[in-house]
Amino acid sequence: EIKLEEKKIHSVECSSTNCAKLTMVSGDSLTVSFVDSVIAVKTSFGKVDLSVNSVRKISASTSRTTGAHPAGLVALWSGEGNADDSVGGNNGQLVNGAGFAPGKVGQAFDLSEGSGGGSKFQHGRGSKHVQIPESDLWELGANDFTITLWANFQSPPISPMEQPQGGVFIGKDEGPGNMNKWIFAIGSGGLYFHINGPSQGASWLVRAPFTPDVNQWYHLAITRSGGVYTIYANGAMVGSENNLRAIPHVDALMTIGKAEGFYFNGLLDEVGIYNRALSAEEIQTVCKEENNGELPPPPAVLSRMPFKGIYRSSSGVNPGFSE
């Protein structure tokens, strides 16, 4: 008996009695026979059992990616009805009502919090997320890395950069203010990577202009190569910044769709972490493989972000910016 994961199957074709051809995403094929005498089919009228001998031909294709990921992938959370890491076994846990919905590739994590888009945290909202166990793989330090994901916003992420309500993709934080943390998020009209800690203070890196439409999928990625951080949207580079500061050790669990009490309002899919910086060509390859072999159109961007100033709050409360 051989058990195959659904995501590894590309198509199934039944062309003769009790016999079927399975084609894998790798291109390999298998000839198999049915064990049961009937096939259960779900229809709008309910479940129907069809005799195998009465079936002439069935063709079915999954919506999974058809290509392999680049080298260096250490974790991948696809949201296929669970919070499992299909690469490294760092399986997560759904928290406070997080669920699943049709995604960009198969299913996605449903972290929707409603249509409101205010900048203030609202009691009872913003709690849906995926909790990932501690691992040295998420201690980024001075190492090269890449984070990739698909995001679908339910409401416009209009909150300010220092309070990214509705726009947190993934992060690892010990708490608010100047506690140790790193966060990949959107706020103040731009994508950024946030680092903070009591010894060096806060930094919002790259701050790439980005204004997404709601209910539309976007492929987002951030890489660090040496001291250069680069952010991509739909396979196109949208911003870059040089910063040699090491990311502090964070004594906390990693979270998808939440950090510092701020949340993500929408769907997140195919959240991957690499232990090296992918090239621009590799980012495009991942994006295309998960988008039926085509790059989505580059997002419309502003010429600059509203805030390009310096964080200058010692208390961490109501931080201010200056040009």
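This passage walks through the fold of the chain and then a few of its residues, working from a predicted model.

Starting with the overall make-up, the protein chain has 1 helix and 23 strands. It runs to 323 residues, and 46% of them count as buried. The exposed surface of the protein chain comes to about 15200 Å², with carbon and sulfur atoms supplying 50% of that area. Contacts reach well along the sequence: taking those between residues at least 6 apart, 63% join residues at least 24 apart.

One open sheet is worth a look. It is built from 7 strands in the order 8-11-20-13-14-15-16, and the pairing is antiparallel. Strand 8 and strand 16 (203–209) sit at the edges, each pairing on one side only. On average, neighbouring strands of this sheet are turned by 20° against each other, direction ignored. Within the sheet, strand 11 (residues 129–132) and strand 20 (residues 254–256) run antiparallel and are joined by 3 bridges. Here valine 130 faces a partner in strand 20, standing opposite isoleucine 256.

Edge strand 8 also helps to place asparagine 90, which lies in the loop between strand 7 (73–77) and strand 8 (93–95). Being in a loop doesn't leave this residue out in the open: asparagine 90 has a relative accessible area of 14%, so it counts as buried, the limit being under 20%. Leaving aside residues up to four places away in sequence, asparagine 90 touches Trp77, Asp85, Ile132, Pro133, Ser135, Leu137 and Trp138. One of these contacts, Ile132, falls within strand 11 (residues 129–132), while Trp77 belongs to strand 7 (73–77).

Two other loop residues stand out for their backbone. Asparagine 215 is not a glycine, yet its phi is positive, at about 60°. This residue sits in the loop that follows edge strand 16 and leads to strand 17 (217–225). Asparagine 215 counts as exposed because its relative accessibility is 61%, and the cut-off for that class is over 50%.

Glutamate 260 has a positive phi as well, about 55°, again without being a glycine. Its loop lies between strand 21 (258–259) and strand 22 (262–263). With a relative accessibility of 21%, glutamate 260 is classed as partly exposed, since buried would require a value under 20%.

Terms used. Residues numbered from 1 in each chain as written. Predicted model: local features only at pLDDT ≥ 70, side-chain atom pairs only at ≥ 80, totals over all residues. Heavy atoms only, no water. Helix = DSSP H or I, 4+ residues; strand = E, 2+ residues; numbered from the N terminus. Buried < 20%, exposed > 50% of the residue type's maximum accessible area, 1.4 Å probe, protein only. Contact = heavy atoms within 4.5 Å. Areas by Shrake-Rupley, 256 points an atom, 1.4 Å probe, with all protein chains shown as cover. Pairing = 2+ DSSP bridges. Axes fitted to C-alpha atoms, helices over the stretch in contact; angles between N-to-C directions.
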